[in-house]
Amino acid sequence: MDEHTANSVVSDNAADNQRLLKRHRARHTKSRDGCYPCKSRRVKCDELKPACGTCSSRGEPCSYPRPRIPSKKPPRSRREETGNDDRSLLPDSSAPSDGGSPLGLIQPLGINATLPAVFSSQSNHWHGALAMNDLKLLQFFHLYTAKQMSLHPRRAMVWQRIIPEFGSKNQYLMHLLLALGGIHMITQQAEANRTGGFGDSDTVDLPIIVEHHQRGLKGFREEVSCISPSNAELVFTGSLLLVGFAFASLKIQELNSPTETPEEMNSATENPSSINDVLHLNWLYLNRGISSIVNDQWHVLKASRLRQMVVFSHGDEFWKDLPFNAPSSRLSHCSPRLFKFAEGASQAVANIKASLNALEPTEDDLSSCSGTPTSQPSASMTQDWVVDAQSGALDILDTVYSRILSVLRCAATEKPADMEIQLDFEEAAILSWPVLLPSPFLASLERSKHNCLHGHSLVILAHFYLVNTLVDTWFLRGSFESGILKINALISTLNESQLSTFMLWPNEVMNLPQTCTP
């Protein structure tokens, strides 16, 4: 082969290689894991191994970086693909907060409203992104608490829609809403632990719930101090949330006085403030405070979105002409507690009235009624107002008991079920007795000395507490049984056999099951 021919063959081979390289590059797609030589020359790599096509054609060594571990994404559910993801009801936890205010991002029920100015950072002490605990509380309120606050459909709708909407626009109401959901979460878990049932162990700690309650209470106090038609709905909403929390808190040991043993209660009788702590009478005044709000703003509330919470179909006049007793044959399908109550309620009130009429206080009782050493006429006058207050409270007790027994008598079906009776109890407003109590009777519960007169007031209070044990709702269930037990302990320190006898019937009713057993 001559020199010219050899040069021609070399030129043809080089041209072929160049054409192959061009075709090779033209077929490449975007290279993400190419070799180091191709990356350094900023050319596309076919990522063939152990040596890519480019390095092979050049006769150069080829090396690759370590392979990347691909991220595994969970498969998307059909709900996500159709855009019906429930998580869209809650804000994205990765979204930036508005001035560090997580509650400002909460939009219950997916309300697409602009964030109000009340959620600005100046009015909030929160820091960082939306707390997961707050999301848990909010979710629990929507899934469980709001649905179990009332059996009446329209009132239930207020709890499920209107109250959360108010909370989304008012910081202190959102705090109170989260606190109510939180204490419901704790009581539900405690009930599951007690009965051995299944409960969600991932609960929110009590200090976090109490912190929400305290912040909400602070804002509520500021609003109620300047109540007017413009904020009447909001203040009334706050009152409802506060009362629900107060009822439920009565059965939370950490939120109540640790004084439990008879010895400790005996020492507490010498200290009036300790007695009040044991009985936890503040909830009584809280209920009476709601009535003042309703009375002052009645013209606004009766036409507001909360009107279902203040209007009941069965008023006092509905029960006045009805018999006081209920036939036992109609109650055979009721719970044992209701059956026992119907059997003895009338006689229980009559026994206390007879005892009060025959009451002749001792000299010690008379002197202690006045609080200071005084003459006999002054002590007698004090004894008179105490007895009058107790008589007034007994009249209220008589009225409330007659409502309950009339509900049992006038049930829609021949053998009413518990759910039917519970709904009628709600319509009869049997839980309104704290509002009806005369103020002097409340004063008699805060006496400076624990004596026989005070003991009669405690007995009457225990019979009122029994009313609340008949209502089977989560925030009342178990709350007032403990109050009756505390009254038992206080009365036992008086060594008054008659007062102890009056407590036998409430204890018997309280110790029976609240629901029917299959």
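**Helix packing and burial in a predicted model**

Q: What makes the crossing of α9 and α12 left-handed?
A: Helix α9 passes helix α12 with the near helix turned anticlockwise from the far one by less than a right angle, which is the definition of a left-handed crossing. This is a predicted model, in which local features need pLDDT of at least 70, side-chain atom pairs count only at pLDDT 80 or more, and totals for chains, interfaces and linings use all residues. Residues are numbered from 1 along each chain as its sequence is written, and side-chain values use heavy atoms, with hydrogens and water left out.

Q: Why is α9 called roughly antiparallel to α12?
A: Helix α9 (residues 232-249) packs on helix α12 (residues 282-296) at about 160 degrees, with the axes 10 Å apart. Angles over 145 degrees count as roughly antiparallel, and α9 is therefore roughly antiparallel to α12.

Q: Which residues of α9 and α12 meet?
A: With contact meaning heavy atoms within 4.5 Å, V235, F236, S239, L240, L242, V243, A246 and F247 in α9 meet W283, L286, N287, I290, I293 and V294 in α12. By class, this contact has 12 nonpolar, 2 polar and no charged residues.

Q: How do you know that α14 and α20 are roughly antiparallel?
A: Helix α14 (residues 336-357) and helix α20 (residues 452-469) pack at about 160 degrees, their axes 12 Å apart. They are therefore roughly antiparallel to each other. Helix α14 also passes α20 in a left-handed crossing.

Q: Why is α21 described as largely enclosed by the rest of the structure?
A: Buried means under 20% relative accessible area. In α21 (residues 479-492), 11 of the 14 residues are buried, so the helix is largely enclosed. Among them are F480, I484, I487 and L490.

How values were computed
Axes fitted to C-alpha atoms, helices over the stretch in contact; angles between N-to-C directions. Helix = DSSP H or I, 4+ residues; strand = E, 2+ residues; numbered from the N terminus. Parallel < 35°, antiparallel > 145°, perpendicular 65-115°, else oblique. Buried < 20%, exposed > 50% of the residue type's maximum accessible area, 1.4 Å probe, protein only. Nonpolar A, V, L, I, M, F, W, Y, C, P; charged D, E, K, R; others polar.
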